[in-house]
Amino acid sequence: MNNKHKLHEVSAKIASKAKQSNDSFSIDPFTIMAICNCIISIVKLLYMCYSKSDIHAAVTSTEKGIFQKFLLKREIRKNFKNKDDRKAIYDAFLEVSSELSKEDINTLLEN
């Protein structure tokens with residue numbers, strides 16, 4: 001599967017979960033791009049902190065560490081100004097990240 005296609009697929013999942021939890025959240029191309037930027041930044045930062053084999057466990061863990069939550073909130077805050085949107089995106093990121101397979105994460109790392 002194409003790396004950009006996988007990135008877009010994961011972003012669309014996050015956007016749809018955010019829309020489900022917050023009716024005022026809008027999905028448009030800029031929202032998808034912002035989510036993609038968050039995903040790329042977080043994966044890059046985690047790649048620098050963990051070995052490639054440990055990233056899957058760190059990303060899919062249901063109990064995220066303080067460091068990961070801080071990085072996630074920081075990246076979301078950079079791209080989303082509305083507090084309700086940030087909360088919806090944050091919760092959606094946590095939910096979708098726990099569902100990613102090892103192949104999905106490797107594809108995102110190669111992006």
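**Figure 1. The largest pocket and the residues that line it.** In this predicted model, the largest pocket is lined by Lys73, Ile76, Arg77, Lys83, Arg86, Lys87 and Tyr90. Two helices, H4 and H5, each give two or more residues to this lining. The largest share belongs to H5, with 4 residues. Look at the character of the lining too: 5 of its residues are charged, 2 are nonpolar and none is polar. The pocket's volume is about 180 Å³.

**Figure 2. The largest cavity, enclosed within the protein.** How many cavities of 30 Å³ or more are there? The count comes to 1, and the largest cavity holds about 260 Å³ of space. Of the 18 residues in its lining, Ile42, Leu46, Val59, Phe93 and Ser97 are the closest to its centre. Five helices each supply two or more lining residues: H1 (3-21), H2 (29-49), H4, H5 (83-97) and H6 (102-110). By class, 15 of the lining residues are nonpolar, 2 are polar and 1 is charged.

**Figure 3. Glutamate 75, a buried residue of helix H4.** To find glutamate 75, follow helix H4, which covers residues 66-79. Is the residue buried or exposed? Glutamate 75 counts as buried because its relative accessible area is 4%, under the 20% cut-off. Its side chain has polar partners: one contact, at 3.3 Å, is with the side chain of serine 41, and another, also at 3.3 Å, is with the side chain of lysine 78. Beyond its neighbours within four places in sequence, glutamate 75 touches Cys38, Ser41, Ile42 and Leu45.

**Figure 4. Helix H2 along its length.** This view follows the 21 residues of H2. From the first C-alpha to the last, the helix reaches 30 Å, close to the 30 Å expected at 1.5 Å a residue. Where H2 starts, a side-chain oxygen of aspartate 28 comes to within 3.2 Å of the backbone nitrogen of phenylalanine 30. Which residues of H2 are buried? They are Thr31, Ile32, Ala34, Ile35, Cys36, Cys38, Ile39, Ile42, Val43 and Leu46. As you trace them, keep a rule of helix geometry in mind: an α-helix has 3.6 residues a turn, so residues three or four places apart point the same way.

**Figure 5. Asparagine 22, buried in a loop.** Between H1 and H2 runs a loop, and asparagine 22 is found there. Why does asparagine 22 count as buried? The reason is its relative accessibility of 12%, which is under the 20% cut-off. The side chain of asparagine 22 reaches the backbone oxygen of aspartate 84 at 3.4 Å. Leaving aside neighbours within four places in sequence, the contacts of asparagine 22 are Asp84, Asp85 and Ala88.

**Figure 6. Helix H3 and what covers it.** Our last stop is H3, made up of residues 52-60. Ile55, Ala58, Val59 and Thr60 are its buried residues. What covers them? The cover includes H2, H4, H5 and H6. You have met one of these buried residues before: Val59 is among the residues closest to the centre of the largest cavity.

Methods
Residues numbered from 1 in each chain as written. Predicted model: local features only at pLDDT ≥ 70, side-chain atom pairs only at ≥ 80, totals over all residues. Heavy atoms only, no water. Buried < 20%, exposed > 50% of the residue type's maximum accessible area, 1.4 Å probe, protein only. Polar contact = N/O pair within 3.5 Å; in protein donor to acceptor, adjacent residues only side chain to side chain. Contact = heavy atoms within 4.5 Å. 1 Å grid on protein atoms, 1.4 Å probe; cavity = no way out; pocket = protein on both sides within 12 Å on 5 of 7 lines; lining within 4 Å. Points joined across faces, edges and corners; volume = space filled by probe spheres on them. Nonpolar A, V, L, I, M, F, W, Y, C, P; charged D, E, K, R; others polar. Expected span 1.5 Å × (residues − 1).
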